[in-house]
Amino acid sequence: MTSCRCMDPQQIVFLLILGSALVLLVSEWIRLDLTAMLIVIALAASGLLSPTEALSGFSSEPAILLVSMFVLSGGLNHTGLAGRLGGWIGRLSGDRVWRAVLVIMPSVALMAAFSHHLMVSALMLPVLLTLSRSHKLPAPRLLMPMALAASLGTTVTVIAAPAFLVARDQLERAGAATLGIFSIAPLGIALCLIGTLYVLVCGRWLLPQREGAKAEEDRFQLNRYFTELLVLEQSAQAGKAMTAFCKEHSERFTVVDWLRDGRSLARPWADKPLASGDLLLVHAAPDELAALDREQGLALHAVVQYGDELAEEDGRTAQRNERLVQAVIAPDSEFAGRSISEIDFLGRYGLVVVGLWRKHGFMYRELSKLELRPGDVVVMWGGQDAAQRLADHGSFLLLLPFEGRARAKPGKAWLAALIMGASVASAATELLPVSIAFLAGASTMVLSGCLSLKQAYESIEARLFVFIAGAIPLGLAMQRSGTANLFADWLSPLVAHWEVTWVLLALFAAAALLTQILSDTATTILLAPIAIGMSDPLDISAAAMVVSVAMGSVAAFITPIGHHGNLLVYEPGNYRFVDFVRVGTPLTVMLGIAVAWLSPILWPA
């Protein structure tokens with residue numbers, strides 16, 4: 001029987017490459033984009049694909065669309081349109097949780113349908129925290145619904161999530177019916193409605209009932225960071241015994257380590273006197289430390305060390321208006337695993353690191369030597385322009401609202417909206433091919449001055465682009481080697497007597513589980529070829545099969561690690577891992593049933 005045939009050498013080689021890739025993706029021993037490059041090299045070196053085919057992902061439609069969408073989203077953000085929409089949503093939300101959810105979820109979903117969902121989540125986070133404090137609404141009841149809506153919004157258009165771009169590409173390569181920009185909209189709108197109704201009806205029992213308002217405000221403020229204080233020359237603190245010093249400043253900070261001439265002093269410290277030039281690693285509130293005056297004889301070490309250098313680089317000292325900003329190290333950040341000194345924040349952004357917060361663990365070493373991890377919150381000091389440069393970089397998510405640069409001209413926000421609308425209309429009406437329509441829109445954003453060329457490049461998440469471009473050939477190799485058909489032949493007899501709904505639900509479930517350890521893109525790349533291979537034997541539309549896979553990879557909320565937006569709200573919302581399991585698992589089951597029921601109606605065999 002066909003289903004029992006043995007694997008040929010090409011399939012064995014492919015499975016070895018696939019297995020190695022999965023190990024690297026799951027373990028994250030190396031960055032995802034580097035893993036993708038190794039996949040390209042392995043596929044070409046093994047002869048599974050020609051060099052041109054192995055590199056074809058870089059010129060593929062998903063890669064071009066992804067870059068274009070990043071630039072278009074950057075235009076909406078830089079012109080202030082996204083910020084205006086966020087403020088408008090906050091004002092409409094009112095002082096009732098149910099009303100806030102009813103406004104927030106559809107609005108956020110609509111924004112995410114035409115933008116990057118993580119950008120939308122980062123934009124809305126400070127808006128909702130402010131709303132929580134001002135209207136005494138529990139933040140845990142606002143932030144998780146917002147994150148869910150941002151992810152659900154990506155199911156409305158093909159351009160909103162890389163998984164759907166990959167699904168569209170896989171279908172086109174297989175010669176199946178292509179997906180238009182709004183082909184999945186009926187299904188996506190249904191999922192958004194289900195998600196909103198689910199939170200409104202069940203949220204009061206499933207969402208955390210913890211302290212809101214004041215507790216959340218205290219939790220989110222800069223009050224638990226590690227930072228370094230320098231004992232200045234001729235300081236009044238010099239000569240004081242450590243016991244007296246700690247007692248004097250007990251309400252402001254706790255001394256964690258004491259360094260002199262680069263070496264940690266041995267404990268006990270009780271009667272040892274402080275000296276000028278000593279460096280103190282303290283656990284404290286940068287809000288308090290920002291008010292330190294040199295007359296007290298203490299100063300933030302980084303500001304003393306680099307302040308003059310920063311002023312020289314700026315050239316506009318009087319207008320610089322230095323302040324503290326805090327930023328979270330984004331998931332898959334290129335700076336994860338690198339020390340603060342290696343990154344050179346001053347050279348790159350014109351900012352100096354003055355503090356760091358980490359959820360787990362205590363720090364007993366100089367900040368400059370600490371290796372950053374995803375989720376770390378870094379406190380930096382510098383001017384407004386420098387903070388804007390940091391906000392533009394995909395490796396960071398700014399957690400404090402701040403004034404950006406002055407907009408180029410009044411009316412640019414609406415021009416950006418017009419450009420985005422024209423791009424969508426051109427693609428939807430097939431006036432232009434989808435990739436060309438959005439590439440033209442991205443170019444127009446720059447030409448019209450909605451954002452500079454530098455800002456356009458900074459808006460692109462290069463790691464995600466490289467990962468998608470490098471991983472797409474994996475799906476092609478799965479088809480070329482016959483591995484996709486081999487798996488399809490093995491699986492088809494097992495589900496041959498199932499109803500169509502159950503087959504699609506099984507695909508959704510497989511993708512939902514796999515996406516908890518892989519990205520939505522990787523999940524779709526791996527499962528879509530198998531789904532296409534099963535479509536003919538089972539007499540089910542290939543589009544229905546592949547869309548079920550993509551939906552499962554995007555709309556699975558079983559754990560907080562499945563979506564970066566969940567990780568972004570995890571700490572500010574004071575959530576626990578089990579909160580996401582309790583809220584997300586029933587919702588994921590409901591969404592899976594909806595996808596399995598509606599997909600064959602939208603894409604009949």
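This section describes one helix and the salt bridges of a predicted model.

Helix α8 covers residues 140-153. At 1.5 Å a residue, its 14 residues should span 20 Å. The end C-alpha atoms are 20 Å apart, so the expected and computed spans agree. The helix is mostly covered, with 14 of its 14 residues buried.

The model holds six salt bridges. One of them pairs E61 with R168, whose closest N and O atoms are 2.5 Å apart. E61 belongs to helix α4 (residues 61-78) and R168 to helix α9 (residues 162-173), so this contact ties together parts that are 107 residues apart in sequence. E61 and R168 are both buried.

A salt bridge also forms within helix α9. There, D169 meets R173 at an N to O distance of 2.8 Å. The two residues lie four apart in α9, about one turn of the helix. D169 counts as buried because its relative accessibility is 9%, under the 20% cut-off. R173, at 33%, counts as partly exposed.

R260 and D278 form a further salt bridge, with 2.7 Å from N to O. R260 sits in strand β2 (residues 253-260), whereas D278 sits in the loop between β3 (263-264) and β4 (279-284). The pair therefore ties together parts that are 18 residues apart in sequence. R260 is partly exposed, with a relative accessible area of 28%. D278 has a relative accessibility of 1% and so counts as buried. Elsewhere, E61, R168 and E172 are joined into one network by salt bridges that share partners.

Conventions:
Residues are numbered from 1 along each chain as its sequence is written. This is a predicted model: local features need pLDDT of at least 70, side-chain atom pairs count only at pLDDT 80 or more; totals for chains, interfaces and linings use all residues. Side-chain values use heavy atoms; hydrogens and water are left out. The expected span of a helix is 1.5 Å times one less than its number of residues. Buried means under 20% relative accessible area, exposed over 50%, partly exposed in between (1.4 Å probe, protein chains only). A salt bridge is a side-chain nitrogen of Lys or Arg within 4 Å of a carboxyl oxygen of Asp or Glu.
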